[in-house]
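Please explain how the strands, charged side chains and aromatic rings of this protein are arranged.

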Amino acid sequence: MDTDARPVVDLREIHKSFGDHEVLKGVDLDVAPGECVVIFGRSGSGKSTLLRCINLLELPTAGSVEVDGIHYDAGPNNRQRRKAVHEIRLLTGMVFQEFNLFPHLSVIENVIEAPTTVKKMPRREAEELGMGFLEKVGVAEKRDQHPIQLSGGQKQRVAIARALTMQPKVMLFDEPTSALDPELIGEVLAVMKDLALEGGTTMVVVTHEMGFAREVSDRMAFMHEGSLIEEGPPAELVGGAKDPRTKRFLEAVL
């Protein structure tokens with residue numbers, strides 16, 4: 001992690017409303033290259049919406065998003081903003097709660113779908129890259145199986161390999177273990193831990209897995225009612241949260 005380098009993710013004054021309901025209320029967040037940031041807080045605090053604003057699956061109502069130097073300012077849809085949305089999405093890999101694998105495609109076909117169609121990567125090159133990441137996450141032997149033949153943990157590991165095959169600048173994880181049976185959570189967290197600890201992979205993770213957050217993240221950020229209340233290294237935040245809302249939440253979950 002290079003904390004002196006220009007942030008790979010830079011969010012400024014992010015607001016997001018759905019109708020009259022303001023979900024995000026002016027959030028600032030920056031993420032350094034190679035850093036693992038865990039966003040935590042109660043359900044409904046805006047964590048997943050903030051994550052989806054990074055890759056512009058949700059377009060902010062106000063504020064700006066910058067990923068690896070590509071800048072997006074909230075405003076009316078135009079050609080410049082559409083171009084920024086496309087470029088930022090190419091720079092971000094997303095792992096969802098529900099895996100989102102294509103049921104009619106095999107594992108390897110799921111993994112190479114985006115690089116061959118979006119990046120126009122030759123199939124052989126995409127397969128080599130994809131197999132490397134399937135090996136990395138421990139499911140290479142499943143390459144020709146279909147999602148219905150996999151456990152939830154295997155599906156999520158395939159989803160991680162699929163995102164990595166796009167070679168993103170930042171990986172976004174939206175509660176990646178929340179749909180898994182308890183005995184399968186560990187295998188997915190182990191893959192994420194390896195990604196974080198071997199360095200080089202910039203990660204923003206929304207999770208309720210506080211053990212993972214304490215052990216693996218470089219920084220934890222607490223959200224409450226649409227605002228980022230407090231952030232800091234795990235040892236500092238867990239041992240000495242300054243805001244009473246952060247303190248109460250941590251006392252309740254740890």
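The paragraphs below begin with the strands and then turn to charged residues, helices and aromatic rings.

The structure shown is a predicted model. A convenient place to enter it is strand 1, which covers residues 9-18. Strand 1 pairs with strand 2 (residues 21-31) in the antiparallel sense, and eight bridges hold this pairing. Two residues lie between the strands of this hairpin, and G19 adopts a positive phi near 65 degrees there. Within the pairing, K16 is placed opposite L24 of strand 2. Strand 1 is also joined to strand 4 (residues 62-67), again in an antiparallel arrangement, through five bridges. In this second pairing, L11 faces V65 of strand 4. Strand 1 thus takes part in pairings with strand 2 and with strand 4.

One residue of strand 1, K16, deserves a closer look. Is K16 buried or exposed? Its relative accessibility is 10%, and because buried means under 20%, K16 counts as buried. The charge of K16 has a partner: the side chains of K16 and E58 meet in a salt bridge, with 3.9 Å from N to O. E58 lies in the loop between helix 1 (47-54) and strand 4, whereas K16 lies in strand 1, so the salt bridge ties together parts that are 42 residues apart in sequence. E58 counts as buried as well, at 18% relative accessibility. K16 has a further interaction, since it lies over the face of F18, at 5.0 Å from the ring centre. K16 therefore combines burial at 10% relative accessibility with a salt bridge to E58 and a position over the ring of F18.

Helix 1 precedes the loop that holds E58. Six of the eight residues of helix 1 are buried, so the helix is largely enclosed by the rest of the structure. The buried residues are K47, T49, L50, L51, C53 and I54. Just after helix 1, L56 takes a positive phi of about 65 degrees.

The link between K16 and E58 belongs to a wider set of charge pairs. Side chains of opposite charge can pair when their charged atoms come close. Across the whole structure, 15 salt bridges are found. One of these joins R12 to D10, with the closest N and O atoms 3.1 Å apart. R12 has a relative accessibility of 34% and so counts as partly exposed. Another salt bridge brings together the side chains of R143 and D144, at 3.3 Å from N to O. R143 is partly exposed, with 25% relative accessibility, while D144 is exposed, with a relative accessible area of 56%. Salt bridges with shared partners join R143 and D144 to R123 and E127 in one network.

Against these pairs stands R162, a residue of helix 5 (residues 152-165). What lies around R162, if it has no salt bridge? R162 is buried, and the nearest side chain of opposite charge, that of E113, is 9.2 Å away. A salt bridge requires a nitrogen within 4 Å of a carboxyl oxygen, so the distance of 9.2 Å leaves R162 without such a partner. Leaving aside residues up to four places away in sequence, R162 touches F99, N100, L101, N110 and V111.

The last feature is the set of aromatic rings. A pair of aromatic rings is described by the distance of the centres and the angle of the planes. The structure holds three aromatic pairs. In one of them, the rings of F40 and F222 have centres 5.3 Å apart and planes at 45 degrees, so the pair is tilted. F40 belongs to strand 3 (residues 36-40) and F222 to strand 9 (residues 219-224), so this contact between rings ties together parts that are 182 residues apart in sequence. F40 counts as buried at 0% relative accessibility, and F222 counts as buried at 0% too. F222 also forms a tilted pair with F249, with 5.4 Å centre to centre and 40 degrees between the planes. This pair links strand 9, where F222 is found, with F249 in helix 9 (residues 244-253), across 27 residues. Both F222 and F249 are buried. Through these ring pairs, F40, F222 and F249 are linked into a cluster.

Notes: Residues numbered from 1 in each chain as written. Predicted model: local features only at pLDDT ≥ 70, side-chain atom pairs only at ≥ 80, totals over all residues. Heavy atoms only, no water. Helix = DSSP H or I, 4+ residues; strand = E, 2+ residues; numbered from the N terminus. Buried < 20%, exposed > 50% of the residue type's maximum accessible area, 1.4 Å probe, protein only. Lys, Arg positive; Asp, Glu negative; His and termini not counted. Contact = heavy atoms within 4.5 Å. Pairing = 2+ DSSP bridges. Phe/Tyr/Trp six-rings, centres within 6.5 Å; stacked < 30°, edge-to-face > 60°. Lys NZ or Arg CZ within 6 Å of the ring centre and 35° of its normal.
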